[in-house]
Amino acid sequence: MREEHPVVLIAPDHIPEELGGSYADACRALELEPEPGGYAVYLIDELNTRAILVSADTAPLRETKPDLRPGDHAWFAANRVAIMSVLTSPGVVGLRLGWPVELGGDPRCQFCRDPEPAWVYEGADVRVRLGKPLLDIGPPDVLGTDVVGVMDWTTCQACHELIQASEPASYQQLLQRYGDELPPMPLQAAWREFWINHRRRARPCLRPPWTAARRRRMAHDIRTHWTDWRARFPLDQVTFTGEPLPELAGMDAALDAARTYLDDPPPFGRVRAYPATDAAPELVRADGNDWSLIGALGDDPAAFALLDSAPETLHPARGPQTTILLRGLALLAHSS
Ligand SMILES: [Zn+2]
């Protein structure tokens, strides 16, 4: 186990954006009782196993600064602290297998960690035997591997093509897709077993079902890649018949709910504003119980809504009423 792991602070005064909403919303998403001091969520990512350690002792984390390293997921600014110092502290609430969807818990490409895998292979479930390094420094030595069964290995399209090519050169290219550095030796040992033992035929990776967590993740992705989403779904090609969109009752309800925030502010965190950058205009995000709204101000105000009642669908909104709503939400975010 590596000594340091990315860790996320979830507290009344700090709610990671990918969790969306207020502290109470974030605790509900993670099935935690709201604690006044909040939680530190340690994301443990070892070989093929992921786990989270939840601790109510947030002091070690509050003293550190975010430190995003190559290979980390870009969607959360990770702080790093030594996990061993936490394991023995009285604040540990529990250890859970897997990561919550909000923090990138979906299956990802086992090789390059692309969050949208396209293929599933049946391959070896590998246990890598590790030993102490020779001089007691540096990473552990790989003593050997044991194949203990079969498991699903998910891959993205690009890694799938390298696996299908099945040549020594394509294996080298696969190694290089891990990131700036080659994969750690224990990981390479597991990959080699996969390379030798996997079934050649892969099956398409099905998308997991739509949930509130998936909606919040998509809202986060739209906010962080606004220009790309806007280019993929040009609002100029959408026919607007009026506002609110008359053909979609769920959209009306979401926009109405967002409007009520202007008179009756929601808990801290449910409305957020992001200043303009070189890449994107000022953006606003608001979340409700079953909807998320992401909008841009600037020269051409427009918004996308995501609804739990209509999964996987972007609902665009643009026009005077949308502009007024987005400006109001931005003001609200700045004043809270
Ligand atoms: Zn990949």
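**Strand 12 and its surroundings**

In strand 12, Leu 306 is the bridge partner of Ser 292, and this pair is one point in the antiparallel pairing of strand 11 with strand 12, which extends over 6 bridges. The model is predicted. In it, 5 strands form an open antiparallel sheet in the order 9-10-11-12-13, and the notes below follow that sheet, the helices that touch it and the nonpolar cores.

**The sheet**

- The edges of the sheet are strand 9 (271-274) and strand 13 (310-317), each of which pairs on one side only, and the twist from one strand to the next averages 15°.
- Strand 9 pairs with strand 10 (residues 283-287) in the antiparallel sense over 4 bridges, with Tyr 274 standing opposite Leu 283 in strand 10.
- The hairpin of strand 11 and strand 12 has 5 residues between the strands, and Gly 298 in this hairpin takes a positive phi near 75°.
- Strand 12 and strand 13 also run antiparallel, joined by 4 bridges; they form a hairpin with 2 residues between them, and Ala 303 stands opposite Ala 317 in strand 13.

**Helices against the sheet**

- Helix 7 (residues 212-224) packs on the sheet and touches strand 9, strand 10, strand 11 (291-296) and strand 12 (302-307), while its direction makes about 5° with that of strand 11.
- Helix 10 (residues 320-335) lies across strand 9, strand 10, strand 11, strand 12 and strand 13, and runs at about 95° to strand 9.

**Burial of strand 12**

- Strand 12 is mostly covered, with 6 of its 6 residues buried.
- In a regular strand the side chains alternate between the two faces of the sheet.
- Both faces of strand 12 are covered, since Ala 302, Phe 304 and Leu 306 on one side are all buried, as are Ala 303, Ala 305 and Leu 307 on the other.

**Nonpolar cores**

- The largest nonpolar core has 27 residues, and those with the most contacts inside it are Ala 254, Ala 258, Leu 293, Ala 303, Ala 305 and Leu 329.
- Two or more residues of this core come from each of helix 7, helix 9 (249-263), strand 10, strand 11, strand 12 and helix 10, and strand 12 gives the most, with 6 residues.
- Leaving aside residues up to four places away in sequence, Leu 293 touches Ala 254, Ala 258, Arg 285, Ala 286, Ala 303 and Ala 305.
- A second, separate core has 19 residues, including Ile 10, Tyr 42, Leu 43 and Ile 52.

Definitions and conventions
Residues numbered from 1 in each chain as written. Predicted model: local features only at pLDDT ≥ 70, side-chain atom pairs only at ≥ 80, totals over all residues. Pairing = 2+ DSSP bridges. Axes fitted to C-alpha atoms, helices over the stretch in contact; angles between N-to-C directions. Contact = placed C-beta atoms within 7 Å. Core = buried A, V, L, I, M, F, W, Y, C linked by C-beta atoms within 7 Å. Buried ≥ 20, exposed ≤ 12 C-beta atoms within 10 Å, placed from the backbone.
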